[in-house]
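Student: Got a minute to go through this one with me? I'd like to start with the overall picture.

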Amino acid sequence: QVQLVESGGGLVQAGGSLRLSCACSGSMCTINVMGWYRQAPGKQRDVVARITNKGVTDYADSVKGRFTISRDNAKNTLYLQMNSLKPEDAAVYYCNTHPTGTTDARYMYWGQGTQVTVSS
């Protein structure tokens, strides 16, 4: 019912910036919560930032003040502006969406991921 495709990953130097995009296809894209998660090798997948259909945002402590999540409902696109990147930010970043009010895994939709590499 929902398909997510990430883009914008790549290699950047520490202190640099990168903008990730996630194209969402499906009728639920504009009303669902959307977010970015990341997973580094050997580590669990953790939430980076989320945004509701009303524009309310939430960030992991590690990225507050550096990352900005936004969405364009008219384009069904989610963005993550990543500034002041650190080597610790290197990971595969995944786009996610789920209905408002639940984070049950059976209702979670995921993109294929996009690699972000930060050199020091």
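Student: What radius of gyration does the protein chain have, and what would a compact globule have?
Tutor: The protein chain has 13 Å, which agrees with the value near 14 Å for a compact globule of 120 residues. The radius is taken over C-alpha atoms, and the globule rule is 2.2 Å times the number of residues to the power 0.38. This is a predicted model, where local features need pLDDT of at least 70, side-chain atom pairs count only at pLDDT 80 or more, and totals for chains, interfaces and linings use all residues. Residues are numbered from 1 along each chain as its sequence is written, and side-chain values use heavy atoms, with hydrogens and water left out.

Student: How many helices and strands are there?
Tutor: The protein chain has zero helices and 11 strands; these are DSSP runs numbered from the N terminus (helices H or I, at least four residues; strands E, at least two).

Student: And how much of the chain is buried?
Tutor: Buried residues make up 39% of the 120, where buried means under 20% relative accessible area with a 1.4 Å probe, protein chains only.

Student: New topic: which residues lie nearest the centre of the largest pocket?
Tutor: R38, A40, K43, D46 and E88 do, out of 14 lining residues. A pocket here is an open set of points on a 1 Å grid over the protein atoms alone, where a 1.4 Å probe fits, with protein on both sides within 12 Å along at least five of seven lines; lining residues have an atom within 4 Å of a point.

Student: Which strand gives the largest share of that lining?
Tutor: Strand 5, with three residues.

How values were computed:
Buried means under 20% relative accessible area, exposed over 50%, partly exposed in between (1.4 Å probe, protein chains only).
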